[in-house]
Amino acid sequence: MASTPGTARALICTLELQLDEHVLILSLFSELKIGQKLNEGKTKQIFELVDQPGLVLVQSKDQNTAGNAVRKDQMEGKAAIANKTTSCVFQLLQESGIKTAFVKQHSDTAFIAAHCQMIPIEWVCRRVATGSFLKRNPGVKEGYRFSPLKMEMFFKDDANNDPQWSEEQLLEAKLCVAGLTIGQCEVDIMSRSTVAIFEMVEKAWATQNCTLVDMKTEFGVSVKSGEIVLADVIDNDSWRLWPAGDRSQQKDKQVYRELKEVTPEAMQMVKRNFEWVSERVKLLLEPQASSRVVLLMGSTSDVAHCEKIRKACASYGIPCVLRVSSAHRGPDETLRIKAEYEGDGVPTVFVAVAGRSNGLGPVMSGNTAYPVISCPPLTPDWGPQDVWSSLRMPSGEQSSLL
């Protein structure tokens with residue numbers, strides 16, 4: 001068959017992409033002794049590390065797939081985006097005590113992991129009913145919230161579209177992976193780990209006002225230790241993410257799956273979504289304040305007294321913020337500061353530091369649901385009288401004295 005100019009151009013582009021990929025891999029591997037390719041999937045390649053027994057290199061590919069690779073498209077930069085996402089997620093889980101195959105990020109597009117033989121089961125954890133679950137369970141409306149989480153498992157078999165399995169089927173299969181027979185104990189480890197993993201990632205994404213709708217995980221058996229560990233990857237292909245719980249804002253791979261036509265403009269939109277996720281996933285590693293003390297002082301003359309309180313808070317590991325505001329001279333400013341710390345959801349205790357006629361404690365106590373503690377800087381001359389301005393409150397108000 002004679003080739004057309006269009007066919008020739010397509011062939012040349014394909015060869016150029018393959019050449020670029022090989023050049024990139026060779027440059028990345030220059031500092032590692034790379035052995036044979038152990039495996040290759042739709043979106044990644046696994047290479048043996050000759051000088052590091054028991055470890056492998058997981059190299060991501062610039063490729064999007066859907067429907068068991070029925071749809072397949074190149075997306076420049078996807079490998080780096082996916083690698084950044086999965087490295088951050090695995091680091092988050094390791095810091096939370098989850099055993100994973102992840103060791104460290106090696107480059108923009110690859111990470112080093114423990115060599116595992118994969119257990120051919122895909123675990124899917126669902127918080128919200130959507131997608132294929134609705135097709136398999138007619139009558140359930142989209143948005144139905146699962147509490148407790150809904151767990152499903154699928155046997156990885158592309159030829160049969162990854163059929164859903166029950167726990168009984170998995171047990172009867174008596175799979176043997178890296179010398180480990182998958183029995184009830186192993187199933188329980190994977191099932192309970194999947195729930196724990198989902199809840200950790202769910203809470204982390206909640207700090208970004210993003211709903212984790214569902215997520216898939218895979219486990220492997222470490223060839224070195226024989227332990228079951230979380231393996232493979234967790235990236236934007238692995239979950240559904242709905243910012244503010246709004247499906248119309250979805251940022252995950254589902255956007256690519258639902259494309260009616262794959263155009264350069266459509267792929268740019270998909271890429272922007274993936275980039276949005278990879279940028280925010282880094283924020284999941286930042287420590288979130290669990291509580292704090294806000295010290296409100298009537299004037300800067302109270303700073304020395306407030307520093308003693310801040311030092312005491314620091315000894316308990318409690319963040320402490322110092323602000324200056326006079327409820328007598330500027331009640332509007334006092335209430336504005338109060339609202340600033342009520343709006344971010346961090347549990348807060350307000351400490352009011354004002355001597356003489358203490359209006360700061362009562363004003364705060366009457367306008368917030370958070371605890372208010374009055375701690376006036378008492379002096380020998382006016383101490384007994386100043387205490388009463390903090391203790392004698394109008395009916396219906398409460399303020400503790402420290």
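These legends accompany several close-up views of one predicted model. The model is predicted, so local features need pLDDT of at least 70 and side-chain atom pairs count only at pLDDT 80 or more, while totals for chains, interfaces and linings use all residues. Residues are numbered from 1 along each chain as its sequence is written, and side-chain values use heavy atoms, with hydrogens and water left out.

**View 1. An open sheet of five strands holds β7 between β3 and β6.**
Let us begin with the sheet, whose strands follow the order β1-β2-β3-β7-β6 with antiparallel pairing. Strands here are DSSP runs of E with at least two residues, helices are runs of H or I with at least four, and both are numbered from the N terminus. Two strands count as paired if DSSP finds at least two bridges between them. At the edges sit β1 (34-40) and β6, each of which pairs on one side only. From one strand to the next, the twist averages 30°; axes for such angles are lines fitted to C-alpha atoms (for helices, over the stretch in contact), and angles run from 0 to 180 degrees between N-to-C directions. As a reminder, strands of a sheet pair through backbone hydrogen bonds, either parallel or antiparallel.

**View 2. Strand β7 (residues 110-114) has a partner on each side.**
Toward β3 (residues 55-60), β7 makes five bridges in an antiparallel arrangement, and Val58 stands opposite Phe111. Toward β6 (residues 102-105) there are three bridges, again antiparallel. Look for Phe111 once more here, as the bridge partner of Gln105, and for Ala113, which stands opposite Phe102. With four residues between them, β6 and β7 form a hairpin. Five of the five residues in β7 are buried, where buried means under 20% relative accessible area, exposed means over 50%, and partly exposed lies in between (1.4 Å probe, protein chains only).

**View 3. Strand β16 (residues 239-243) is mostly covered.**
Which residues point each way from β16? Trp239, Leu241 and Pro243 point one way, Arg240 and Trp242 the other way, and all are buried. In a regular strand the side chains alternate between the two faces of the sheet. The neighbour shown is β14 (residues 210-222), joined to β16 by five bridges and running antiparallel to it. To get your bearings, find Met215, the bridge partner of Trp239.

**View 4. The loops on either side of β16 hold two residues with positive phi.**
Asp232 lies in the loop between β15 (228-231) and β16, and its phi is near 60°. Asp232 counts as partly exposed because its relative accessibility is 23%. In the loop between β16 and α6 (254-257) you will find Ala244, with phi near 55°. Most residues other than glycine have a negative phi, and most peptide bonds are trans.

**View 5. A cis peptide bond joins Ser147 and Pro148.**
Here omega is about 10°. Pro148 is found in strand β10 (residues 145-155).

**View 6. One enclosed cavity is lined by eight named residues, among them Thr43 and Asp235.**
How many cavities of 30 Å³ or more does the count give? The count comes to one, and the largest cavity has a volume of about 50 Å³. On a 1 Å grid over the protein atoms alone, a cavity is a set of points where a 1.4 Å probe fits but cannot get out, and lining residues have an atom within 4 Å of a point. Grid points are joined across faces, edges and corners, and a volume is the space filled by probe spheres set on the points. The lining consists of Thr43, Lys44, Ser60, Lys61, Lys78, Ala82, Val233 and Asp235. By class, two are nonpolar, two polar and four charged; Ala, Val, Leu, Ile, Met, Phe, Trp, Tyr, Cys and Pro count as nonpolar, Asp, Glu, Lys and Arg as charged, and the others, Gly among them, as polar.

**View 7. Cys320 and Cys313 appear in a structure with zero disulfides.**
A disulfide is a pair of cysteine sulfur atoms within 2.5 Å. Cys320 is in no disulfide, and the nearest cysteine sulfur, that of Cys313, is 4.3 Å away. Cys320 counts as buried because its relative accessible area is 15%.

**View 8. Gln94 in helix α2 (residues 78-95) is shown with Leu230.**
The C-alpha atoms of Gln94 and Leu230 are separated by 10.0 Å, although the two lie 136 residues apart along the chain. With a relative accessible area of 31%, Gln94 is partly exposed.

Notes. 1 Å grid on protein atoms, 1.4 Å probe; cavity = no way out; pocket = protein on both sides within 12 Å on 5 of 7 lines; lining within 4 Å.
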